[in-house]
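Here is a short, friendly tour for someone meeting this fold for the first time. Have a look at the sequence and the model, and then read on.

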Amino acid sequence: MTDLTAAITAGGQSSRYGSDKALAVLGGRTLLEHVAGSLEACPVRVLIAPAGKYALPGWTTVPDTRPGQGPLAGLEAALTAAPPSWVAFAGVDTPGLTPVYWQALAAARTPDALAVVALDSEDRPQPLAALYHTHLLPQISALLDAGERRLRTAAPPGQTVFVPSLDAAYFRNVNRVGDLDA
């Protein structure tokens, strides 16, 4: 994972959660700390969030390029901030991610791929815990300029590697307070 830039998007409003979910505590650590821990081996680490909102040692905070435009805009900010190469892009609300997960995605890269996306146990793509190459930046910017906000459109057909049947525990998403209990 030493050739990956880690990027966590934490610029959302947590409207369904009711308070800042990045700071919600699970097992004695915040959700932000859980996700950051899964990416600790990456030499470059960027946190997509408003300046001064979070303190995360070893991470550089980068503001969203298009605040309020969702995770696709967060990916644009991450690709802009990263050196040319691969970006491990995660949402702050996926505390089940681990270094093993990211290693599986990194191992699946191919020379002509621009994205590596895991499939959950029901074969659904998981674009908010995926690898994206910085070469995608012009395409991501064009999508956003055209009004697109769905992150799943970031993975180009024919240049995306899908990694099947990864453990569902990786993809448990925290959107509401009750999700922490699950």
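Leaving out residues up to four places away in sequence, Ser85 touches Asp3, Tyr132, His133 and Thr134. This is a predicted model, by the way. You'll find Ser85 in the loop between α2 and β6. Is Ser85 buried or exposed? With a relative accessible area of 17%, Ser85 falls under the 20% cut-off, so Ser85 counts as buried. One of the residues Ser85 touches, Asp3, also offers its backbone oxygen, which the side chain of Ser85 reaches at 3.1 Å.

Now for a second loop residue. Asp64 sits in the loop between β5 and α2. Asp64 is buried too, at a relative accessible area of 18%. Setting aside neighbours within four places in sequence, the contacts of Asp64 are Ile48, Ala73, Gly74 and Ala77. With Gly74 there is a polar link: the side chain of Asp64 reaches the backbone nitrogen of Gly74 at 3.5 Å. Asp64 and Ala49 are 15 residues apart along the chain, yet 6.2 Å separates their C-alpha atoms.

Here are the two loop residues side by side.

| Residue | Loop | Relative accessible area | Side chain reaches |
|---|---|---|---|
| Ser85 | between α2 and β6 | 17% | backbone oxygen of Asp3, 3.1 Å |
| Asp64 | between β5 and α2 | 18% | backbone nitrogen of Gly74, 3.5 Å |

On to the sheet. Which order do the strands take? Reading across, the open sheet goes β5-β4-β1-β6-β8-β7-β9, seven strands in mixed pairing. At the edges are β5 (60–62) and β9 (160–163), each of which pairs on one side only. Ignoring direction, neighbouring strands in this sheet are turned by an average of 25° against each other.

Take β1 and its partners. Six bridges pair β1 with β6 in the parallel sense, and Ile8 has Ala90 as its bridge partner in β6. On the β4 side, β1 is joined by five bridges, again running parallel; there, Ala6 has Arg45 as its bridge partner. How much of β1 is buried? Six of its six residues are, so to speak, tucked away as buried. Both faces are covered, with Leu4, Ala6 and Ile8 on one side and Thr5, Ala7 and Thr9 on the other.

Over at the β9 edge, strand β7 (residues 115–119) runs parallel to β9 and is joined to it by four bridges. Ala118 has Val163 as its bridge partner in β9.

Next, the helices that lie across these strands. Helix α2 lies across β1 (4–9), β4 (44–48), β5, β6 (86–91) and β8 (125–133), at about 145° to β6. Helix α3 (residues 99–107) lies across β1, β6, β7, β8 and β9, and runs at about 60° to β8.

Finally, a pair of helices. Two packed helices are described by the angle between their axes and the distance between the axes. For α2 (residues 71–81) and α4 (residues 137–145), the axes come within 10 Å and cross at roughly 150°, and the crossing is left-handed. Which residues make the contact? From α2 come Leu72, Ala73, Leu75, Glu76, Leu79 and Thr80, while α4 brings Leu137, Ile140, Ser141, Leu143 and Leu144. Sorted by type, these residues are eight nonpolar, two polar and one charged.

Definitions and conventions:
Residues are numbered from 1 along each chain as its sequence is written. This is a predicted model: local features need pLDDT of at least 70, side-chain atom pairs count only at pLDDT 80 or more; totals for chains, interfaces and linings use all residues. Side-chain values use heavy atoms; hydrogens and water are left out. Axes are lines fitted to C-alpha atoms, for helices over the stretch in contact, and angles run from 0 to 180 degrees between N-to-C directions. Helices (H or I, at least four residues) and strands (E, at least two) are DSSP runs, numbered from the N terminus. A crossing is left-handed if the near helix is turned anticlockwise from the far one by less than a right angle, and right-handed if clockwise. Contact means heavy atoms within 4.5 Å. Ala, Val, Leu, Ile, Met, Phe, Trp, Tyr, Cys and Pro count as nonpolar, Asp, Glu, Lys and Arg as charged, and the others, Gly among them, as polar. Two strands pair if DSSP finds at least two bridges between them. Buried means under 20% relative accessible area, exposed over 50%, partly exposed in between (1.4 Å probe, protein chains only). A polar contact is a pair of N or O atoms within 3.5 Å; within protein, one must be able to donate a hydrogen and the other to accept it, and residues adjacent in sequence count only if both atoms are side-chain atoms.
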